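The following exercises concern the confidence, overall form and local backbone features of one protein model. Each task is followed by a worked solution.

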Amino acid sequence: MKLSFTFASLPLFLATYVSADTGNAFYGDPPDDHHPWAIHDRNRPQPPRVEPGTFSSQEKPGTPPSDAIVLFDGTEASLAKWCSDKDPSKPTGWVVVDGTFQCKPGAGYVRTKEEWADCQLHVEWSAPSKVEGSSQGRGNSGVFPMGQGVEVQVLDNYNNPTYADGFAGSVYGINPPAANVLRAPGEWQVYDIVFRRPIYKDGKEVDGGYVTVFVNGVLTQDHTPIEGGGGHMGRSKPHPFAEKGPLKLQDHGNPVRYRNIWYRPLGARSVEGGTNGYLTTEATMAKRKEIATDIRTAAAKLQGDALMFQLMESLTYENDPATLAKVQPMLDAAVAALTGTPKDKIESKKGEVNALKRAVEYLGKCKVLPNDHAAKAAMESIIKANGWDKK
């Protein structure tokens, strides 16, 4: 049996609960121990609007998305966001040349004054067009998200072999890039990096952290484990990272240029009690309680059946005895009103009957009401008596 009704056919007090735009109440599979929202949940927050940036060309850097935090935009003023890594109280020794941030060999690593953790990071770099040196001695630098030792290698590997886990686009000392997709020396290379730091709880690792890297639009690191950070010659071991850290760029003795550096902070992961995807049971139940509380707060402004339906919706997130006690007499009254409707007027109540049946069935699915609740049986009786189950 398939029952259906349209948004337009419902009375005003029910219209709020069936939205053609953001979804319907009592619809998809309900919340569970690891998902605070139902499938197709209308209460799940809408994605924020972010204006996309433009793509870079060799002649001109692109623009960042609207929510990005810009670290270098080609101006001298950008230098105020950077400092010497060796002595953060001192300005960087690197220089701005023709709108690019250029490593001054011997000046040392540079770092941002600002610190953050998980992020989407965009960096563009260019090795000297005059080819000098070989292997690790040619166009060498590095990008260190959070400055914790994890290095996404910068190196001119255009017709320049080196050890695989030190290639451009490698997680240095840990994993080679999946492909060598560098452009020629002097041309701009584009790195897009997703960085996730290790997460520890009570001294135990719950997520070792990972790096995903696109080089010139090609995936070169696919969710690569950090393994403690990597490094030169020595194998690193997993360990906790600081809560936040700066972006560092390496001075390896080559005048590598950078431009168009920006990042976007990323939200918490499920292991941290975040609100995305598959969550811990503790985080899920806390979020479900929060959603239920918000719905009940909004319900306080309503009356009659509108109040009943909104309180019923809150019960799908949190089986609160006090709320259920309020709903039960409202439900009994709604059933009495519908079953007492004269036959010549019952057709106008079809939407309400179907909506109430669906809500009661859904609460049964959520184990809030018994599956054989009297309200469900009463609505099924009305549906069958009027032949709505055959249409």
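**Exercise 1.** What percentage of the 391 residues of the protein count as buried?

*Solution.* The model is a predicted one. The cut-off needed here is a relative accessible area under 20%. By this criterion, 46% of the 391 residues are buried. The accessible surface of the protein amounts to about 19,500 Å², and carbon and sulfur atoms contribute 54% of that area.

**Exercise 2.** Determine how far the coordinates may be trusted, beginning with the mean pLDDT of the protein.

*Solution.* Step 1: the mean pLDDT is 91, with 94% of residues at 70 or more. Step 2: residues 1-9 have a pLDDT below 50, although this stretch has 18 contacts in the model beyond near neighbours in sequence. Step 3: where pLDDT is low, predicted coordinates should not be read in detail.

**Exercise 3.** Decide whether the protein is a compact globule or more spread out, using the radius of gyration.

*Solution.* Step 1: the secondary structure consists of 6 helices and 17 strands. Step 2: the globule rule gives 21 Å for 391 residues, whereas the radius of gyration is 29 Å, well over that value; the protein is therefore more spread out than a compact globule. Step 3: along the principal axes, the C-alpha atoms fill a box of roughly 95 × 45 × 35 Å. Step 4: of the contacts with a separation of 6 or more, 65% are between residues 24 or more positions apart.

**Exercise 4.** Describe the surroundings of Gly142, and state whether this residue is buried or exposed.

*Solution.* Step 1: Gly142 belongs to strand β9, which covers residues 141-144. Step 2: its relative accessible area is 0%, so Gly142 is buried. Step 3: with neighbours within four places in sequence left aside, the contacts of Gly142 include Glu151, Val152 and Val154, and also Lys248, Leu249, Gln250 and Tyr258. Step 4: Gly93, 49 residues away along the chain, has its C-alpha atom 16 Å from that of Gly142.

**Exercise 5.** Examine the positive phi values of Ser135 and Asn159, and place each residue in its loop.

*Solution.* Step 1: Ser135 is not a glycine, yet its phi is positive at about 50°. Ser135 sits in the loop between β8 (119-126) and β9. Its relative accessible area of 26% makes Ser135 partly exposed. Step 2: Asn159, also a residue other than glycine, has a positive phi near 55°. Asn159 is located in the loop between β10 (152-154) and β11 (189-196). With 68% relative accessibility, Asn159 counts as exposed.

Notes:
Residues are numbered from 1 along each chain as its sequence is written. This is a predicted model: local features need pLDDT of at least 70, side-chain atom pairs count only at pLDDT 80 or more; totals for chains, interfaces and linings use all residues. Side-chain values use heavy atoms; hydrogens and water are left out. pLDDT is the predictor's confidence in each residue, from 0 to 100. Contact means heavy atoms within 4.5 Å. Helices (H or I, at least four residues) and strands (E, at least two) are DSSP runs, numbered from the N terminus. The radius of gyration is taken over C-alpha atoms; the globule rule is 2.2 Å times the number of residues to the power 0.38. Buried means under 20% relative accessible area, exposed over 50%, partly exposed in between (1.4 Å probe, protein chains only). Accessible areas come from the Shrake-Rupley method with a 1.4 Å probe; for residues, only the protein chains shown count as cover.
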